[in-house]
Amino acid sequence: MASGSLRQFVNVEQTARLTGTAIDDPENTLYQYLSDDRSKSREEFLKCVEEDAQTFKPMGKRIYSYVRHKDGGKKASKDPRDTTIGKLKERNSNVDSHPRPIDEGDPDAIVYEVYHVNWATPGFLEYHRRMQIFILLYIEAGSYIQEDEEKWEFVTLFERRKRKDGTQVYHFVGYSSLYPFYFYPDSTRLRLSQFVIVGPYQKQGHGSALYKAIHDFVISSSAFAELTVEDPSEDFEDLRDKVDLRTLLNHKEFIQEAYGQSGHNVTLRRQGGRGKQANKEGNDEAASGRGKVGSKAMLGPPTKPKWAEHWRKELKFAKRQYDRLIEMLILRALDADDEATQRAFRLQVKARLKSFNFETLMQLEQDEQYDKLEETFQSVKEGYERVLNMLK
């Protein structure tokens, strides 16, 4: 495939071939999943690749971009397309966690651009027919979407490199398909359906960047009320959790209200009870190593529901995902020595779990319900601790 336009060429060779009516034909089977505009000869394909380097440009509207060093900001490395899959598996996934500052004009800069497109974008229907093969290659049980569904939207991610002659060359990195649903009473929920980063670019932070671009796009658009994800894999759930947590942790106003005026450097203690920092009215305050802060931590526990809902709508998180993020932020700063705080946190998490699994729990005896909730809580807590450790 051409790295920009994704023009395709298939060459099948064999030293011998079985015959018979029950023998599969792999070449023609493969053609069923490829676009009809593929090259018919190697010469035609190589010519197309050269033309791409001069003429191909991504379709749609650019909605996001970020810049990386050619060497990843730390050490020299080859162009990703020249790196073997085996080496990619050994690469440190945090290579770009703290890159050196760089701008697009730097000669060592590689620019990554995200574009928003839909079926009406000129040329995109044909491009999607070439692009969709990655769904079958990278997503277990993945399938092609129906082109007669007009509502589909897409975001594509491209790498832009500058050649020595000054030519800007684009290389395909990945994409995501999005579907809008009606959201009561007068808005739209955007659901992330498919999400792919191609092999040479995996484990380098591009998936996180693409997801962040989508979330930022949803936040900036008055047309959407929230972003949801369809049946995420465990790996994608981790990616989503990390990016969403960073979004909240980097939001100065949210964090100051969440943890109190001291922001990140606090230890959360129970709100409204008799924890270590309880005041005369029986309300606890968040405290840092330097003592009490000047305002209550809205995270609690328990979290102030009106405050939490305000920020959920403002940042357009799905309800269940946002509740999980709130719980992780509480756990991140929870006072391990304050029994009242620990209990308040358990009750908050278990209340959500009970509501989410209500029908299943109602089929159990009361003692079994308590045991199952405790077991689930401990499992959830372990999962939260694992995600929080990824952020360190």
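Over residues 273-294 the pLDDT, which is the predictor's confidence in each residue on a scale from 0 to 100, stays under 50, and for this segment the model has 53 contacts beyond four places in sequence, where contact means heavy atoms within 4.5 Å. A second segment, residues 81-97, also has pLDDT under 50 throughout, and there the model has 23 contacts beyond four places in sequence. The protein as a whole averages a pLDDT of 87, and 85% of the residues score at least 70.

This is a predicted model, in which local features need pLDDT of at least 70 and side-chain atom pairs count only at pLDDT 80 or more, while totals for chains, interfaces and linings use all residues. Residues are numbered from 1 along each chain as its sequence is written, and side-chain values use heavy atoms, with hydrogens and water left out.

The next stop is strand β4, which covers residues 168-183 and contains Phe183; helices (H or I, at least four residues) and strands (E, at least two) are here DSSP runs, numbered from the N terminus. Once the neighbours within four places in sequence are set aside, Phe183 is in contact with Thr188, Arg189, Ala225 and Glu226. Of these partners, Ala225 is 42 residues from Phe183 in sequence, yet the two C-alpha atoms are 7.4 Å apart in space.

Following the chain onward from Phe183, one comes to the peptide bond from Tyr184 to Pro185, which is cis, with omega near 5°. Pro185 itself lies in the loop between β4 and β5, the latter covering residues 187-197. Another cis peptide bond, again with omega near 5°, leads from Gly300 to Pro301, and Pro301 lies in the loop between β8 (291-292) and α9 (305-315).

Two further loops hold residues other than glycine with a positive phi. In the loop between α5 (133-138) and β3 (153-162) one finds Ala141, whose phi is near 65°, a positive value in a residue other than glycine. Ala141 counts as exposed because its relative accessibility is 77%, given that buried means under 20% relative accessible area, exposed over 50%, and partly exposed in between, with a 1.4 Å probe and protein chains only. Asp231, found in the loop between β6 (224-229) and α7 (234-249), likewise has a positive phi, near 45°, and Asp231 is exposed, with a relative accessible area of 69%.
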